[in-house]
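Colleague: I'd like to learn how to read a model like this one. Could you walk me through it?

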Amino acid sequence: MQAELNQLLTRVGPGTDCGALLRQYWQPVALLDEFDPRLDPRMAQRPLKALRILGQDLVLFRDQHGRHGLLDRDCPHRGADLAFARHEGDGVRCPFHGWKFDVAGTCLETPGEPKGSTLCRHVRQRSYPVLERSGVLFAWLGPEKGTPPVLPALDCFTAPPSHSFAFKGLWHCNWLQAVEVGIDPAHPSFLHRYLRDEDLQQAEADRSGKQFRAASVGSVAGERWPMTRVMREFCSPEIRFDSVGDGVVRLTTLRAIDDELMHVRITHSLFPHTFVIPLSPTLTITQMHVPVDDTHTYWWSFFTSFDAPLDRAAMREQRLQGVSLPDYLPRMGRHNDWGYDPEEQRTRTFLGMGEDDINRHDQWAVESMGAIQDRSREHLGTTDKVIMANRRLLRQAIDTVRAGGRAPLVLDAAAAAALRGPDTVDCIAPAQHWQAFSEAAMAAKRRAAPWLPPPVNAEAEATT
Ligand code: FES
Ligand SMILES: [Fe+2]
């Protein structure tokens, strides 16, 4: 890749072309948990936090009515930092000269100005629309007079709170390399390889959501196989990808186990930075990679259960051990070699960076490339074809937005309501009928979900 193209695809700050594209979409900006005083005691007194996204500095606060406001961080008077504002219930007040703003950015007072001054009426702080889905606050940073798109009715946004859980964490790297690990179906056979499998019963009793430990749907000669075994023993998959909608790509990864059986893993990527993968037969993860700036990215994971309610407290507790609050910074990273243990690498895992949290494996992969991967030095192979296709799509979308057009998956209400799912499966299927088998497994999972309405006809069951 030419250095200029790498620059175009990776720079996201205000005024950049890729930044203009990403500003077309709702972006997750905070977990509701971040306003929970049990996790951040400061929130009991002052529910306000500074945040950075797409290279912009903002403040997010909750007012006394429970409304969230997302404002530019520099005070419109003379630019002091509103992260230090006084929270007064109905708005926030800049400590420099006392100007006060509500959640919409309306200036409520300029108390130092002469009596009768109308200055306040002419000043407004830029505010950004905020909405909540599945325990996460999303913001839209598009053009000031623009209309935000409608978030699609994905499973992760449709499931009730009892069946969903969200978490996030910071990676020290550019957003695109984070995305490119998610749409790389070849890497689990190596990066996430366990040299031995966990006891299946024990793995399935653990509902905290460890990836690849559960069994694939189906069996081999009557024996259920953990995903780890499939990934380890069949490491050169056939990868197919199909566009199944505007900006929606279905990835099908096939591993022939023998003449009779085919391992099938179906995942989806949704432009520009979301993908949906199966964690177990009844649990999916929807992951988004959202730029903080050019060299930092938050990953956001939405866990969605299609059967029993999730043990959200256990999932939270387990994941909090890996980060430090309030910013969800990983405890492991470049500063401590991501916990690398050569003995573990020799005897237990392919990578040697822990067995419990595969997220750390991905973190190493994306951070070790450097903050912004120099793609002029890479050599892509056949298994990188989805990555290549995604880069083409990204480049086209940048051009489309630059020309004033509509980017993929910037949806109106009708299109957003129509986009459902997407489905995922990890199964061992009869080699001759793997398509029908995997479709049936996905349909059965949807039918069993207590929070999805029963399909009224065959068409209603088809998802994107
Ligand atoms: S800089 Fe904020 S009130 Fe003056
Ligand atoms: Fe991974």
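**Reading the model**

Modeller: Sure, and keep in mind that this is a predicted model. Let's start with charge: the protein has 53 positive and 59 negative charges, and their mean positions lie 4 Å apart.

Colleague: What does the radius of gyration say about the overall fold?

Modeller: You compare it with what a compact globule would give. For 464 residues that would be near 23 Å, and the protein has 23 Å, so the two agree. Along the principal axes, the C-alpha atoms fill a box of roughly 85 × 50 × 50 Å.

Colleague: How many helices and strands are there, and what share of the residues is buried?

Modeller: There are 15 helices and 21 strands. Buried residues account for 54% of the 464. As for the contacts with a separation of 6 or more, 62% join residues 24 or more positions apart. The exposed surface comes to about 20100 Å², with carbon and sulfur atoms supplying 51% of it.

Colleague: Now a single side chain. Is Lys 49 buried or exposed?

Modeller: The cut-off for buried is under 20% relative accessible area. Lys 49 has 7%, so Lys 49 is buried. You'll find Lys 49 in strand 2, which covers residues 48-53.

Colleague: Which side chain does the side chain of Lys 49 make a polar contact with?

Modeller: That of Glu 34, at 2.5 Å. Leaving aside neighbours within four places in sequence, Lys 49 also has contacts that include Phe 35, Met 43, Leu 58 and Pro 326.

Colleague: Where does Pro 326 sit, and what is the peptide bond leading into Pro 326 like?

Modeller: Start from the general idea: most peptide bonds are trans. The bond from Leu 325 to Pro 326, though, is cis, with omega near 10°. Pro 326 is in the loop between strand 19 (323-324) and strand 20 (329-330). There's also a cis bond from Gly 421 to Pro 422, with omega near -10°. Pro 422 falls in the loop between helix 13 (413-418) and strand 21 (425-430).

Colleague: And phi? Which value does Ser 134 have?

Modeller: Again the general idea comes up front: most residues other than glycine have a negative phi. Ser 134 has a positive phi, near 50°. Ser 134 is in the loop between strand 10 (130-133) and strand 11 (136-140), and at 17% relative accessibility Ser 134 counts as buried.

Colleague: What about Ala 221: buried or exposed?

Modeller: Exposed, because its relative accessibility is 84%, and the cut-off for exposed is over 50%. Phi of Ala 221 is positive too, near 50°, and Ala 221 lies in the loop between helix 7 (200-205) and helix 8 (227-233).

Terms used
Residues numbered from 1 in each chain as written. Chains lettered and ligands numbered in written order. Predicted model: local features only at pLDDT ≥ 70, side-chain atom pairs only at ≥ 80, totals over all residues. Heavy atoms only, no water. Helix = DSSP H or I, 4+ residues; strand = E, 2+ residues; numbered from the N terminus. Rg over C-alpha atoms; globule rule 2.2 N^0.38 Å. Buried < 20%, exposed > 50% of the residue type's maximum accessible area, 1.4 Å probe, protein only. Contact = heavy atoms within 4.5 Å. Areas by Shrake-Rupley, 256 points an atom, 1.4 Å probe, with all protein chains shown as cover. Lys, Arg positive; Asp, Glu negative; His and termini not counted. Charge placed at Lys NZ, Arg CZ, Asp CG, Glu CD. Polar contact = N/O pair within 3.5 Å; in protein donor to acceptor, adjacent residues only side chain to side chain.
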